[in-house]
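Reader: Could you walk me through this fold, one question at a time?

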Amino acid sequence: MALYAIGDLHLSFQSEVKAPMQRYGKIWKNHEEKLSGNCRRRIRPEDTLVLVGDHSWGKRLSDCEKDLEYIERLPGRKILLRGNHDMFWEAGKTEKLNARYRGRLNFLQNNFYSYKDYALVGTKGITFEGPFYLDRYGRIAGWDEQAAKQAEKLAAREMKRLRTSFEMAKSAGFTRFIMFLHYPPTNLLQERSCFTDIAEECGAEQVIYAHCHGEQRFHDSIRGTMRGVTYSLVSGDCLKWNPKRIL
Ligand SMILES: [Fe+2]
Ligand SMILES: [Fe+2]
(Lines give C-alpha, C1' and ligand atoms only; values in the text may rest on other atoms or scores of the structure.)
(Ligands and ions follow the chains in the order given, each with its own letter.)
Protein backbone atom coordinates (compact mmCIF):
# COMPACT_ATOMS: atom_id res chain seq x y z
CA MET A 1 0.00 0.00 0.00
CA ALA A 2 1.44 3.38 -0.98
CA LEU A 3 0.51 7.06 -1.06
CA TYR A 4 1.30 9.10 -4.19
CA ALA A 5 0.72 12.73 -5.16
CA ILE A 6 0.82 14.88 -8.26
CA GLY A 7 -0.82 18.19 -9.15
CA ASP A 8 -1.71 20.50 -12.02
CA LEU A 9 -3.01 18.12 -14.63
CA HIS A 10 -4.79 21.05 -16.32
CA LEU A 11 -6.91 18.69 -18.40
CA SER A 12 -8.86 20.02 -21.35
CA PHE A 13 -10.80 17.16 -22.92
CA GLN A 14 -13.84 19.44 -23.15
CA SER A 15 -12.35 22.91 -22.87
CA GLU A 16 -9.72 25.23 -24.23
CA VAL A 17 -6.15 25.36 -22.88
CA LYS A 18 -5.48 28.90 -21.76
CA ALA A 19 -1.79 28.82 -20.80
CA PRO A 20 0.67 29.28 -23.70
CA MET A 21 3.24 27.23 -21.78
CA GLN A 22 0.89 24.24 -21.89
CA ARG A 23 0.04 24.77 -25.55
CA TYR A 24 3.65 24.95 -26.76
CA GLY A 25 5.82 23.48 -23.97
CA LYS A 26 7.52 20.18 -24.79
CA ILE A 27 6.86 18.74 -21.34
CA TRP A 28 3.11 19.20 -21.88
CA LYS A 29 2.95 17.27 -25.15
CA ASN A 30 0.56 14.31 -24.66
CA HIS A 31 0.94 14.76 -20.92
CA GLU A 32 -2.34 12.91 -20.27
CA GLU A 33 -0.93 9.75 -21.88
CA LYS A 34 2.43 10.10 -20.11
CA LEU A 35 0.70 10.42 -16.75
CA SER A 36 -1.78 7.59 -17.22
CA GLY A 37 1.05 5.31 -18.45
CA ASN A 38 3.20 6.14 -15.41
CA CYS A 39 0.24 5.64 -13.05
CA ARG A 40 -0.64 2.27 -14.57
CA ARG A 41 2.93 1.08 -14.22
CA ARG A 42 3.31 2.11 -10.57
CA ILE A 43 0.00 2.53 -8.77
CA ARG A 44 -1.91 -0.52 -7.56
CA PRO A 45 -5.63 -0.67 -6.79
CA GLU A 46 -5.00 -0.53 -3.01
CA ASP A 47 -2.84 2.63 -3.29
CA THR A 48 -3.97 6.24 -2.88
CA LEU A 49 -3.26 9.05 -5.33
CA VAL A 50 -3.77 12.66 -4.20
CA LEU A 51 -4.29 15.14 -7.04
CA VAL A 52 -3.14 18.48 -5.69
CA GLY A 53 -5.42 20.89 -7.62
CA ASP A 54 -5.76 22.54 -11.05
CA HIS A 55 -7.48 19.50 -12.51
CA SER A 56 -9.34 21.05 -15.41
CA TRP A 57 -9.61 24.15 -17.58
CA GLY A 58 -13.39 23.74 -17.72
CA LYS A 59 -15.44 26.50 -16.15
CA ARG A 60 -18.53 24.52 -15.15
CA LEU A 61 -18.82 20.96 -13.95
CA SER A 62 -20.47 20.05 -17.26
CA ASP A 63 -17.26 21.19 -19.02
CA CYS A 64 -15.12 18.99 -16.77
CA GLU A 65 -16.91 15.66 -16.89
CA LYS A 66 -14.48 14.03 -19.34
CA ASP A 67 -11.53 15.37 -17.34
CA LEU A 68 -12.93 13.88 -14.16
CA GLU A 69 -13.65 10.61 -15.99
CA TYR A 70 -9.99 10.50 -17.00
CA ILE A 71 -8.99 10.94 -13.34
CA GLU A 72 -11.47 8.24 -12.34
CA ARG A 73 -9.82 5.80 -14.73
CA LEU A 74 -6.39 6.26 -13.09
CA PRO A 75 -5.58 3.36 -10.74
CA GLY A 76 -6.04 3.51 -6.96
CA ARG A 77 -8.20 5.63 -4.68
CA LYS A 78 -8.22 9.24 -5.90
CA ILE A 79 -8.38 12.25 -3.57
CA LEU A 80 -8.71 15.70 -5.16
CA LEU A 81 -7.72 19.06 -3.69
CA ARG A 82 -9.03 22.35 -5.05
CA GLY A 83 -6.69 24.51 -7.20
CA ASN A 84 -7.03 28.14 -8.26
CA HIS A 85 -8.18 27.09 -11.75
CA ASP A 86 -10.84 24.64 -10.58
CA MET A 87 -13.84 26.83 -11.37
CA PHE A 88 -16.12 23.79 -11.41
CA TRP A 89 -15.57 23.33 -7.67
CA GLU A 90 -17.32 26.13 -5.84
CA ALA A 91 -16.07 26.46 -2.28
CA GLY A 92 -19.45 25.64 -0.73
CA LYS A 93 -20.16 22.63 -2.90
CA THR A 94 -17.62 20.07 -1.76
CA GLU A 95 -20.28 17.91 -0.11
CA LYS A 96 -22.34 17.90 -3.29
CA LEU A 97 -19.31 16.80 -5.31
CA ASN A 98 -18.58 14.06 -2.80
CA ALA A 99 -22.19 12.85 -3.02
CA ARG A 100 -22.17 12.88 -6.81
CA TYR A 101 -18.83 11.06 -7.18
CA ARG A 102 -19.19 8.75 -4.13
CA GLY A 103 -17.11 5.61 -4.52
CA ARG A 104 -15.27 7.10 -7.53
CA LEU A 105 -13.57 10.37 -6.50
CA ASN A 106 -12.98 12.04 -3.11
CA PHE A 107 -12.88 15.83 -2.71
CA LEU A 108 -10.72 17.21 0.11
CA GLN A 109 -11.88 20.46 1.69
CA ASN A 110 -13.29 21.07 5.19
CA ASN A 111 -12.82 17.32 5.76
CA PHE A 112 -9.98 14.79 5.82
CA TYR A 113 -9.21 11.27 4.59
CA SER A 114 -7.29 8.54 6.31
CA TYR A 115 -4.33 6.62 5.01
CA LYS A 116 -3.14 3.90 7.40
CA ASP A 117 -2.59 5.77 10.70
CA TYR A 118 -2.21 9.12 8.93
CA ALA A 119 -4.84 11.80 8.34
CA LEU A 120 -4.59 13.49 4.95
CA VAL A 121 -5.63 17.09 5.56
CA GLY A 122 -5.54 20.13 3.31
CA THR A 123 -6.92 23.14 1.55
CA LYS A 124 -6.15 25.22 -1.54
CA GLY A 125 -4.03 27.76 0.37
CA ILE A 126 -2.90 31.06 -1.12
CA THR A 127 0.42 32.75 -1.80
CA PHE A 128 1.15 36.36 -2.65
CA GLU A 129 2.56 36.20 -6.18
CA GLY A 130 3.22 39.86 -6.74
CA PRO A 131 3.50 42.16 -8.52
CA PHE A 132 7.02 42.47 -7.13
CA TYR A 133 9.08 45.50 -8.18
CA LEU A 134 12.71 44.98 -9.18
CA ASP A 135 15.62 47.36 -8.83
CA ARG A 136 18.08 47.95 -11.67
CA TYR A 137 20.07 44.87 -10.63
CA GLY A 138 16.98 42.66 -10.94
CA ARG A 139 16.59 42.26 -7.19
CA ILE A 140 13.20 42.52 -5.50
CA ALA A 141 12.94 46.05 -4.10
CA GLY A 142 9.23 46.18 -3.24
CA TRP A 143 5.77 44.87 -4.06
CA ASP A 144 2.16 45.88 -4.50
CA GLU A 145 1.04 46.46 -0.90
CA GLN A 146 -2.64 46.31 -1.73
CA ALA A 147 -2.34 42.97 -3.52
CA ALA A 148 -0.29 41.67 -0.58
CA LYS A 149 -3.07 42.73 1.83
CA GLN A 150 -5.68 40.99 -0.31
CA ALA A 151 -3.61 37.79 -0.26
CA GLU A 152 -3.48 38.00 3.54
CA LYS A 153 -7.25 38.24 3.70
CA LEU A 154 -7.62 35.16 1.51
CA ALA A 155 -5.04 33.35 3.62
CA ALA A 156 -7.20 33.85 6.72
CA ARG A 157 -10.12 32.13 4.96
CA GLU A 158 -7.93 29.26 3.79
CA MET A 159 -6.49 28.87 7.28
CA LYS A 160 -10.01 28.44 8.66
CA ARG A 161 -10.63 25.60 6.22
CA LEU A 162 -7.28 24.02 7.04
CA ARG A 163 -7.92 24.24 10.80
CA THR A 164 -11.30 22.53 10.27
CA SER A 165 -9.54 19.74 8.39
CA PHE A 166 -6.93 19.27 11.16
CA GLU A 167 -9.54 19.49 13.93
CA MET A 168 -11.82 16.90 12.36
CA ALA A 169 -8.86 14.54 11.98
CA LYS A 170 -7.74 15.14 15.57
CA SER A 171 -11.25 14.54 16.96
CA ALA A 172 -11.29 11.26 15.06
CA GLY A 173 -8.16 10.31 17.01
CA PHE A 174 -5.45 10.92 14.40
CA THR A 175 -2.05 12.12 15.58
CA ARG A 176 -0.04 11.80 12.35
CA PHE A 177 -0.70 14.17 9.47
CA ILE A 178 0.23 14.78 5.85
CA MET A 179 -0.85 18.28 4.80
CA PHE A 180 -1.77 19.19 1.22
CA LEU A 181 -1.90 22.68 -0.31
CA HIS A 182 -2.37 23.68 -3.90
CA TYR A 183 -0.41 26.93 -3.55
CA PRO A 184 3.15 26.87 -2.23
CA PRO A 185 3.35 27.32 1.55
CA THR A 186 5.26 30.61 1.37
CA ASN A 187 5.85 33.41 -1.13
CA LEU A 188 9.18 34.03 -2.85
CA LEU A 189 10.63 36.01 0.05
CA GLN A 190 9.23 34.23 3.06
CA GLU A 191 10.90 31.71 5.29
CA ARG A 192 7.64 31.04 7.11
CA SER A 193 3.93 31.77 6.79
CA CYS A 194 0.67 30.91 8.54
CA PHE A 195 0.75 27.65 6.55
CA THR A 196 4.23 26.62 7.70
CA ASP A 197 3.26 27.65 11.25
CA ILE A 198 0.17 25.43 11.34
CA ALA A 199 2.13 22.53 9.84
CA GLU A 200 4.66 22.83 12.67
CA GLU A 201 2.06 23.47 15.36
CA CYS A 202 -0.07 20.46 14.39
CA GLY A 203 2.92 18.22 13.75
CA ALA A 204 2.40 17.58 10.02
CA GLU A 205 5.24 15.33 8.88
CA GLN A 206 5.03 16.47 5.28
CA VAL A 207 3.55 19.36 3.32
CA ILE A 208 2.80 18.61 -0.32
CA TYR A 209 2.04 21.44 -2.75
CA ALA A 210 1.83 22.17 -6.47
CA HIS A 211 0.93 25.25 -8.60
CA CYS A 212 4.50 26.18 -9.63
CA HIS A 213 5.03 25.60 -13.35
CA GLY A 214 8.16 25.94 -15.45
CA GLU A 215 11.73 25.57 -14.18
CA GLN A 216 12.02 29.21 -13.12
CA ARG A 217 9.18 28.68 -10.64
CA PHE A 218 10.19 25.33 -9.16
CA HIS A 219 12.13 27.01 -6.34
CA ASP A 220 9.57 29.69 -5.47
CA SER A 221 9.03 28.16 -2.03
CA ILE A 222 10.43 25.65 0.45
CA ARG A 223 11.60 22.24 -0.75
CA GLY A 224 13.19 19.77 1.64
CA THR A 225 13.07 19.66 5.43
CA MET A 226 12.68 22.79 7.50
CA ARG A 227 12.00 22.93 11.24
CA GLY A 228 10.97 19.26 11.24
CA VAL A 229 8.54 19.36 8.29
CA THR A 230 9.39 17.99 4.84
CA TYR A 231 8.09 20.07 1.92
CA SER A 232 7.64 18.70 -1.61
CA LEU A 233 6.57 20.31 -4.85
CA VAL A 234 4.52 17.90 -6.95
CA SER A 235 3.34 19.95 -9.93
CA GLY A 236 3.03 17.57 -12.88
CA ASP A 237 5.54 19.29 -15.15
CA CYS A 238 8.09 19.38 -12.30
CA LEU A 239 7.64 15.62 -11.78
CA LYS A 240 7.64 14.96 -15.54
CA TRP A 241 4.20 13.34 -15.02
CA ASN A 242 5.52 10.73 -12.63
CA PRO A 243 3.54 10.82 -9.34
CA LYS A 244 5.72 11.25 -6.27
CA ARG A 245 5.63 8.52 -3.65
CA ILE A 246 4.85 10.25 -0.34
CA LEU A 247 4.61 7.20 1.94
FE1 LIG B 1 -1.51 24.98 -12.27
FE1 LIG C 1 -2.49 26.72 -9.64
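Author: Gladly! Helices here are DSSP runs of H or I with at least four residues, and strands are runs of E with at least two, numbered from the N terminus. Please keep in mind that this is a predicted model.

Reader: How many helices and strands are there in the protein chain?

Author: Counting those runs along the protein chain gives both kinds of element. The totals are 6 helices and 13 strands.

Reader: Why can the chain be called as compact as a globular protein of its length?

Author: The globule rule gives 18 Å for 247 residues. The protein chain comes close to that, so it is as compact as a globular protein of that length, with a radius of gyration of 17 Å.

Reader: Which strands stand at the edges of the open sheet?

Author: Happy to trace it: the open sheet has 5 strands in the order S4-S3-S2-S1-S13, with mixed pairing. Two of these strands have a single partner strand each, so one side of each is left without a neighbour in the sheet: they are S4 (106-108) and S13 (244-245).

Reader: And which residue in S2 stands opposite Ala5?

Author: Strand S1 (residues 3-6) and strand S2 (residues 48-51) run parallel, joined by 4 bridges. Opposite Ala5, in S2, stands Val50.

Reader: Lovely. Which strand gives the most to the largest nonpolar core?

Author: That core has 57 residues, and Val52, Leu120 and Phe177 touch the most other members. Among the residues that Val52 touches are Ala5, Leu81 and Phe180. With 5 residues, the strand that gives the most to this core is S9 (residues 176-181).

Terms used: Residues are numbered from 1 along each chain as its sequence is written. Chains are lettered from A and ligands numbered from 1 in the order in which they are written. This is a predicted model: local features need pLDDT of at least 70, side-chain atom pairs count only at pLDDT 80 or more; totals for chains, interfaces and linings use all residues. The radius of gyration is taken over C-alpha atoms; the globule rule is 2.2 Å times the number of residues to the power 0.38. Two strands pair if DSSP finds at least two bridges between them. A nonpolar core is a set of buried Ala, Val, Leu, Ile, Met, Phe, Trp, Tyr and Cys residues joined through C-beta atoms within 7 Å. A residue is buried if 20 or more other C-beta atoms lie within 10 Å of its own, exposed if 12 or fewer, and partly exposed in between; C-beta atoms are placed from the backbone. Two residues are in contact if their C-beta atoms, placed from the backbone, lie within 7 Å. Lists of a residue's contacts leave out its neighbours within four places in sequence.
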